[in-house]
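Hi,

Here is the model I said I would pass on, with my notes underneath. Have a look at it first and then read on.

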Protein chains: 2
Amino acid sequence: MEKVKVGIVGYGNLGKGVQAAVKQNDDIELVGVFTRRPVDTVDVNEEGVKVVNTDDAEEYTDQIDVMLLCGGSATDLPVQGPKFAAMFNTVDSYDNHEEIPDYYSEIDKVAQENGTTSAISIGWDPGLFSMNRMVEEAILPAGNGYTFWGEGVSQGHSDAVRRVDGVKDAVQYTIPKEDAIEQVRAGENPDLATKDKHIRECYIVAEEGADKEEIKEEIVTMPNYFEDYETTIHFVSQTELDENHSAMPHGGFVMRSSKTGEDKENNQIIEFSLKLDSNPEFTASVLVAYARAIHKLSEEGVTGAKTVFDIPLSYLSPKSSAELRKELL
Amino acid sequence: MEKVKVGIVGYGNLGKGVQAAVKQNDDIELVGVFTRRPVDTVDVNEEGVKVVNTDDAEEYTDQIDVMLLCGGSATDLPVQGPKFAAMFNTVDSYDNHEEIPDYYSEIDKVAQENGTTSAISIGWDPGLFSMNRMVEEAILPAGNGYTFWGEGVSQGHSDAVRRVDGVKDAVQYTIPKEDAIEQVRAGENPDLATKDKHIRECYIVAEEGADKEEIKEEIVTMPNYFEDYETTIHFVSQTELDENHSAMPHGGFVMRSSKTGEDKENNQIIEFSLKLDSNPEFTASVLVAYARAIHKLSEEGVTGAKTVFDIPLSYLSPKSSAELRKELL
């Protein structure tokens, strides 16, 4: 079998996760890592994998089936998405929910014009969580849907804490409220805002001589980020932060609760959850499965931007449709 | 908006569930209930819904977009599936896992020859559970997958108990073992046979004068059904069985556990679960969403048999792709 040849653009946590995930998929092969850094400063520690400057990417259009874009959504993907979709089939994890419709339109236009195929907003949220929100709503239209995030590290909130005067380093955990989850599981159909579903826990290294009470006050009253939430603050040493809080766990729950039947008296609860030791490695695993799907779609002549809603699930698997029906249906 | 016009074949628990589910979907309309019973003995209790003998179904080919086949897999669907697929687009819940490949081939042939579209084996297992087994395996190929069923009523096992001498009536619950689920959640990747994952609990009404010890012995030693399982037997009155054990709850868990990363040290756990007060009403809700999907596929000119692996998820929703991207991605 001819392997699907992929490239990685951006060699951070997500890019490294893709490199590791490719090794768990026999039908996929990593050709090169594309970076904006000087290529001799990047060691990918894998025989046969080229390190290439992103400016030279166009020389690789005939060697790579799908390019996995592993940059961030704030500044990298808005530039790299359209740029690479003009040359390659792509998969990205664009996760700025508000901007997804515009991003979709832009990538779709570029991909249609250039005869390429792009899967956008792939991962777990957006991604697997979106699939579950959508399917659950389609099946139980009369119910209520809930998304809980965590327990896990929120980069945005960690960054916000690190910007506070007197904070040297910090990690913020988003933790779903167990009692809110239990209300949903019990079929109570509660009305829950994001603040009703989560608590926030901060581990902070203070600068020497900083006023900890002042830091605490500034965090718990920070609008949008913490003001409306139950927030716990722990001051720790840099050593403790490095040793106990440098992992990147995450996860969450997508749930839907509805009553069915002539008298609407039967509770039906659907629940999808993830418990991830490594958020970037899991996201990378999803990207790799979608690289396989995009390659198949492209081979069939399909072009343009696609999301998790558009791609039949069988395309994610290396197995044939007959094998899937026999083994997994 | 033109509604999707559906018919129901077979007016048992599943058919009644479809009738109720249709009322929760504004874009779908129930045209008729098709039955093998004399039509004047069937009251569907809904204005405007025709009751038609299945022998007269062909007169309705131009009035019905999708026929939902609500018979059983043992004897009804092997006959009704091909028969109706020759005249209508269909959705069924064929759940004889061993026979699915043959059933697929037969329906696919009939549907291709007649220009119809059929979704087979729709529901939750096969159905939503199959989707999750498949997607989880594609994303985490190096891991282990687990399906747990219950807590819920197993018709097959209840029937087996009712066939025992001296048993007047019985209900058998399949209950997933909590400690096995916890092992999976903890990332222990245990090897688990079906008997290691479930216990069986029977509520039995004995005939007057029957030897309860003998009944118990015959059940717990019954090959395949109970012999290998931890089985609990409760003798109850018919009144208690009718009052407390006539509901049809079910559910279960599809889980996958895998280690990712360069050193394979990060546990990743995916879990999908259902907790259903009414198994037939939930299955019916899934069938109705797939009726919408099959209608769209048929309108696009797609023909043949389809499973949950083949149909893009967006087809299940009444919302447009743009709405889905904006609201649910």
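Let me begin with a sheet in chain A: four strands form an open sheet in the order β8-β9-β10-β11, and the pairing is mixed. The edges are taken by β8 (152-153) and β11 (231-235) of chain A, each of which has a single partner strand, so one side of each has no neighbour in the sheet. In the middle, β9 (residues 167-176) and β10 (residues 198-206) of chain A run antiparallel and are joined by nine bridges. If you want a register marker there, Thr174(A) sits opposite Arg200(A) in β10(A). Before going further, please keep in mind that this is a predicted model.

Chain B has an open sheet of four strands too, ordered β8-β9-β10-β11 with mixed pairing. Its edge strands are β8 (152-153) and β11 (231-235) of chain B, each pairing on one side only. Nine bridges hold β9 (residues 167-176) of chain B against β10 (residues 198-206) of chain B in the antiparallel sense, and Thr174(B) stands opposite Arg200(B) in β10(B).

There is also a record to go with this part of chain A. UniProt, in an unreviewed entry, lists residues 123-278 of chain A as "domain: Meso-diaminopimelate D-dehydrogenase C-terminal". In the model, that stretch of chain A is 31% helix and 35% strand, with its end C-alpha atoms 13 Å apart.

Now the interface. On the chain A side 66 residues are in contact with chain B, and 66 residues of chain B are in contact with chain A. Together the two chains bury about 5900 Å², of which 59% is on carbon and sulfur atoms. Which three residues supply more of the area that chain A buries than any other three? They are Gln24(A), Arg325(A) and Leu329(A), with 14% of the area chain A buries against chain B.

On the polar side of things, 34 residue pairs are in polar contact between chain A and chain B, counting pairs with both residues at pLDDT 80 or more. The elements of chain A that give two or more residues to the side touching chain B are α3 (100-114), α4 (128-139), β12 (250-260), β13 (266-276), α10 (279-299) and α11 (321-327). β13(A) gives the most, with 11 residues. By type, the residues on that side of chain A divide into 30 nonpolar, 18 polar and 18 charged.

β13(A) deserves a second look. What does β13(A) pair with across the interface? Its partner is strand β13 (residues 266-276) of chain B, and the two pair in the antiparallel sense over nine bridges. Phe272(A) stands opposite Phe272(B) in β13(B), which is a handy place to centre your view.

Next, charges. Side chains of opposite charge can pair when their charged atoms come close. Between chain A and chain B the count is four salt bridges. For one between Glu262(A) and Lys23(B), the N to O distance is 2.6 Å. Over all chains, a search of the whole structure finds 32 salt bridges. Within chain B, the side chains of Arg292(B) and Asp27(B) meet in a salt bridge at 2.8 Å, N to O. That pair links distant parts of the chain, 265 residues apart: Arg292(B) is in helix α10 (residues 279-299) of chain B, while Asp27(B) is in the loop between α1 (13-22) and β2 (28-35) of chain B.

Last, some backbone details to check in your setup:

- Asp125(A) and Pro126(A) are joined by a cis peptide bond, with omega about 5°. Pro126(A) lies in the loop between β6 (117-119) and α4 of chain A.
- In chain B, a cis peptide bond joins Asp125(B) and Pro126(B), and omega is about 5°. Pro126(B) lies in the loop between β6 (117-119) and α4 (128-139) of chain B.
- Asn45(B) has phi near 55°, a positive value in a residue other than glycine. Asn45(B) is found in the loop between β2 and β3 (50-53) of chain B.

Cheers

Conventions
Residues numbered from 1 in each chain as written. Chains lettered and ligands numbered in written order. Predicted model: local features only at pLDDT ≥ 70, side-chain atom pairs only at ≥ 80, totals over all residues. Heavy atoms only, no water. Contact = heavy atoms within 4.5 Å. Buried area = accessible area lost by both parts, 1.4 Å probe. Polar contact = N/O pair within 3.5 Å; in protein donor to acceptor, adjacent residues only side chain to side chain. Nonpolar A, V, L, I, M, F, W, Y, C, P; charged D, E, K, R; others polar. Pairing = 2+ DSSP bridges. UniProt positions renumbered as here; feature names shortened; annotations may be inferred.
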